[in-house]
Amino acid sequence: MTKRKRRNGPATTVAPSLPAVTAGLLSPVRRVPNEIERPPYAVTGDPGLSVSSLTRTDDEIEAMRRTGAAAAEILLRAGDVVRPGVTTDEIDRVVHDLSVKAGGYPSPLNYRGYPKSVCTSVNEVICHGIPDSRPLADGDIVNIDVTLYREGVHGDTSATFLVGDVDSVSVNLVEVTLESLELAIAAVVPGGPVRDIGQAIERHAVKNRLGVVREFIGHGVGTEFHTRLQIPHYYDRRLTTPLEIGTSFTIEPMLTLGDPEAVVWNDGWTAVTVDGTRTAQFEHTLIMTEGGAEKLTVTAAGECAHERVRAALV
Ligand code: MF3
Ligand code: CO
Ligand code: CO
């Protein structure tokens, strides 16, 4: 997600009091074979200013369908390895190897200097957690955020997975966050304002006494990882930018049990809740069509890791 300036949000509720997540050790940099096409920032780490259109050509949309499906496949396979004892670095290895095997480049790698191929955000980590030697523990929740670059376009998708036996408060957080994404997707209409997204998400969060993270937002995505288009997950009536047909973008709400205020670790990436309470996130890449927002990050068979998580919630 893209970074945004801070504001206050609601505060509430009780979280399970487990030990705070702390940084582990990073494994050596993973290699991408030379024959794989890289995004422009792969060498320098600098994506530069966003210059791309907010809308995609028909050819780009077809490429985004294929890349999105491949990203969804990788997220499913990454979710399959989630269990107590598995390190987040092992998840990074799986995502990296599957990305390369799919003929793609793992978009996070060296994006603004990011050191790994996927983001793994555990418990109170809101987003941009860096995979390391920390083993997942029974009762954790972990968001895996996969972005794949292939055929000149990015597909960006994430899900929060349950690790072993998870407490009911956290299960509810995960469930409501997934619901809020689905409600937002259903809320948007071609040519309609961006604010419809945040309105749907914030309403559902407030109804369930959860916070909405404001500092990180959804974004346009396509030939660039992050375009100029900003997709806040909270309501602001000034967000009148129309979502024209052909607009490619993400929705990726981060909801919190407590204060949604974020602080970033001194690694420059890991964003955690300031009060240490848990947070969950789900993300899809979407394309605006005549019929509404269509998910691009589902497999060719129409599968999605989100449904796996949903099945595990009951
Ligand atoms: N995938 C994230 C998003 O949803 C961005 C990760 S940037 C990284 O926008 F550098 F941390 F990988
Ligand atoms: Co994103
Ligand atoms: Co993402």
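Me: What makes the arrangement of donor atoms around the cobalt ion (ligand 2) irregular?
Reply: In this predicted model, six donor atoms surround the cobalt ion (ligand 2), and their angles run from 52 to 160°. Six donors count as octahedral if opposite donors are over 155 degrees apart and all others lie between 65 and 115. An angle of 52° fits neither range, so the arrangement is irregular.

Me: Which residues coordinate the cobalt ion (ligand 2), and how do you know that they are donors?
Reply: They are Asp156 (OD), His219 (NE2), Glu252 (OE) and Glu283 (OE). Their atoms sit at 2.0 to 2.2 Å. The cut-off is 2.8 Å, so these atoms count as donors. In sequence, the donor residues are spaced D-x62-H-x32-E-x30-E.

Me: What does Asp156 bridge?
Reply: Asp156 bridges the cobalt ion (ligand 2) and the cobalt ion (ligand 3). The two ions lie 3.3 Å apart. Asp156 and Glu252 link distant parts of the chain, 96 residues apart. Asp156 is in strand S6, while Glu252 is in the loop between strand S10 and strand S11.

Me: Are Asp156 and Glu252 buried or exposed?
Reply: Both are buried. That puts each under 20% relative accessible area.

Me: Why is the contact between Arg308 and Asp80 called a salt bridge?
Reply: The N to O distance between their side chains is 3.1 Å. A salt bridge needs a Lys or Arg nitrogen within 4 Å of an Asp or Glu carboxyl oxygen. The pair meets that limit, so the name applies. Arg308 is in helix H5 and Asp80 in helix H1, 228 residues apart.

Me: Why is Asp80 called exposed, and Arg308 partly exposed?
Reply: Exposed means over 50%. Asp80 has a relative accessible area of 52%, so Asp80 is exposed. Arg308 has 41%, which lies between 20% and 50%, so Arg308 is partly exposed.

Me: How do you know that Asp97 and Arg93 are separated by about one helical turn?
Reply: They are four residues apart in helix H2, which means about one turn. They form a salt bridge, with the closest N and O atoms 3.2 Å apart. Asp97 has 36% relative accessibility and Arg93 has 34%. Both values lie between 20% and 50%, so both residues are partly exposed.

Me: What makes Arg134 and Asp140 a salt bridge, and are they buried or exposed?
Reply: Their closest N and O atoms are 3.0 Å apart. That is within 4 Å, so the pair qualifies. Both residues are buried.

Me: How many salt bridges does a search of the whole structure find?
Reply: The search finds 15.

Conventions: Residues are numbered from 1 along each chain as its sequence is written. Chains are lettered from A and ligands numbered from 1 in the order in which they are written. This is a predicted model: local features need pLDDT of at least 70, side-chain atom pairs count only at pLDDT 80 or more; totals for chains, interfaces and linings use all residues. Side-chain values use heavy atoms; hydrogens and water are left out. Helices (H or I, at least four residues) and strands (E, at least two) are DSSP runs, numbered from the N terminus. Buried means under 20% relative accessible area, exposed over 50%, partly exposed in between (1.4 Å probe, protein chains only). Donors are N, O and S atoms within 2.8 Å of the metal (3.2 Å for Na, K and Ca); water is not among the atoms, so sites may look incomplete. Four donors count as tetrahedral if all angles lie between 85 and 135 degrees; four count as square planar and six as octahedral if opposite donors are over 155 degrees apart and all others between 65 and 115; anything else is irregular.
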